[in-house]
Amino acid sequence: MKETSSINYSKVIKSLYIIGALFIITYIITLSINLSQESATKAGSIGDALGGLANPFIGILGVIATFLAFWVQFEANERQRNDIKQERFESKFYELLRLHKENVNEIEIPAAGLKGRPCFEFFLKEFYGLHSIVEIVNIREGNNDLSEKEDTIERAFDLFFYGITNQATSKYSNWKEQQYDGNTQLIFEKDSHQI
């Protein structure tokens, strides 16, 4: 997964560890020095001055560390949100694939003795047959222009999907009554009965 931030967190964390280690070392060194009352008073005022100067930097470091913690959490939430989106998509996609596979396996053409995937080969052959018939009818009716050729697939699909006796394809029903040569009539009647 891509890093969306240009901040190198490992360098920032190492820097914070080094600064913290320096403060701890300084504190340990000051505890080990034996000071008299007078030198302790001077050291106390020096310590107060150093503390006054160091506190804003320590506060700023605390704010930066808090910001970095929130930023890391924000990025983690974004990654989690994207992962959940991806999981939802994959879950839906594979569920749809499973349903499609079940639908394919349930398709049956009892007259041809076919079930499942082989039905699609049968459908394709039937569609090609209908397409050939529509082309023959178009040629015999003198409809040879480009728009009719483009419409041939749509007509063939209408016949394939709805059949010749359906109201949606009633415009093709006059084809049965027209006289064509024996082969076309035989193919057309055979395909229209299978639909």
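**Figure 1. Salt bridge between Glu102 and Arg98 in a predicted model.** Glu102 forms a salt bridge with Arg98, and the closest N and O atoms of the two side chains are 2.3 Å apart. The model shown here and in the following views is a predicted one. Glu102 and Arg98 are separated by about one helical turn, because they lie four residues apart in helix H2. Glu102 is partly exposed, with a relative accessible area of 35%, and Arg98, at 37% relative accessibility, also counts as partly exposed.

**Figure 2. The network of salt bridges that links Glu95, Arg98 and Glu102.** Arg98 meets a further partner in Glu95, with which it forms a salt bridge of 2.4 Å, N to O. Being three residues apart in helix H2, Arg98 and Glu95 are separated by about one helical turn. Glu95 has a relative accessible area of 36% and is therefore partly exposed. Glu95, Arg98 and Glu102 are thus linked in a network of salt bridges, while the structure as a whole holds three salt bridges.

**Figure 3. The salt bridge of Glu78 and Arg81 in helix H2.** How far apart are the closest N and O atoms of Glu78 and Arg81? In the salt bridge that these two residues form, the distance is 2.5 Å. Glu78 and Arg81 are three residues apart in helix H2, so about one helical turn separates them. Glu78 is partly exposed, its relative accessible area being 27%, and Arg81, for which the relative accessibility is 44%, counts as partly exposed.

**Figure 4. Aromatic pairs, with Phe67 and Trp71 in helix H2 and Phe127 and Phe160 in helices H3 and H4.** A pair of aromatic rings is described by the distance of the centres and the angle of the planes. With ring centres required to lie within 6.5 Å of each other, the count comes to nine aromatic pairs. One of them is formed by Phe67 and Trp71, whose rings are stacked, at 6.1 Å centre to centre and with 25° between the planes. Phe67 and Trp71 are four residues apart in helix H2, which means that about one helical turn separates them. Phe67 counts as partly exposed at 46% relative accessibility, and Trp71 counts as partly exposed at 30%. The rings of Phe127 and Phe160 have centres 6.1 Å apart and planes at 85°, so this pair is edge-to-face. The pair links distant parts of the chain, since Phe127 belongs to helix H3 (residues 118-141) and Phe160 to helix H4 (residues 146-162), with their positions 33 residues apart in sequence.

**Figure 5. The aromatic cluster that includes Phe127 and Phe160.** Which residues form one aromatic cluster? The members are Phe120, Phe123, Phe127, Phe157, Phe160 and Phe161. Is Phe127 buried or exposed? At 17% relative accessibility, Phe127 counts as buried, because the term applies to residues under 20% relative accessible area.

**Figure 6. A nonpolar surface patch with Leu31, and the approach of Ala65 to Leu16.** Ile24, Tyr27, Ile28 and Leu31 make a nonpolar surface patch of about 460 Å². Leu31 is placed in helix H1 (residues 9-32), and with a relative accessibility of 57% this residue counts as exposed, the limit for that term being over 50%. Ala65 has its place in helix H2 (residues 37-106) and is partly exposed, with a relative accessible area of 31%. The C-alpha atoms of Ala65 and Leu16 are separated by 8.3 Å, although the two residues are 49 residues apart along the chain.

**Figure 7. The protein chain as the setting of the close-up views.** The protein chain contains six helices and two strands, and read along the sequence these follow the pattern α-α-β-β-α-α-α-α. Of the 195 residues in the protein chain, 17% are buried. The area that the protein chain exposes is about 15200 Å², and carbon and sulfur atoms supply 61% of it. Among contacts between residues at least 6 apart in sequence, 52% join residues at least 24 apart.

Key. Residues are numbered from 1 along each chain as its sequence is written. This is a predicted model: local features need pLDDT of at least 70, side-chain atom pairs count only at pLDDT 80 or more; totals for chains, interfaces and linings use all residues. Side-chain values use heavy atoms; hydrogens and water are left out. Patches are made of residues with over 30% relative accessible area and no salt bridge: like charges are joined within 9 Å, nonpolar side chains (Val, Leu, Ile, Met, Phe, Trp, Tyr) within 5 Å. Accessible areas come from the Shrake-Rupley method with a 1.4 Å probe; for residues, only the protein chains shown count as cover. A salt bridge is a side-chain nitrogen of Lys or Arg within 4 Å of a carboxyl oxygen of Asp or Glu. Buried means under 20% relative accessible area, exposed over 50%, partly exposed in between (1.4 Å probe, protein chains only). Contact means heavy atoms within 4.5 Å. Rings of Phe, Tyr and Trp (its six-membered ring) pair if their centres lie within 6.5 Å; planes under 30 degrees apart count as stacked, over 60 as edge-to-face and the rest as tilted.
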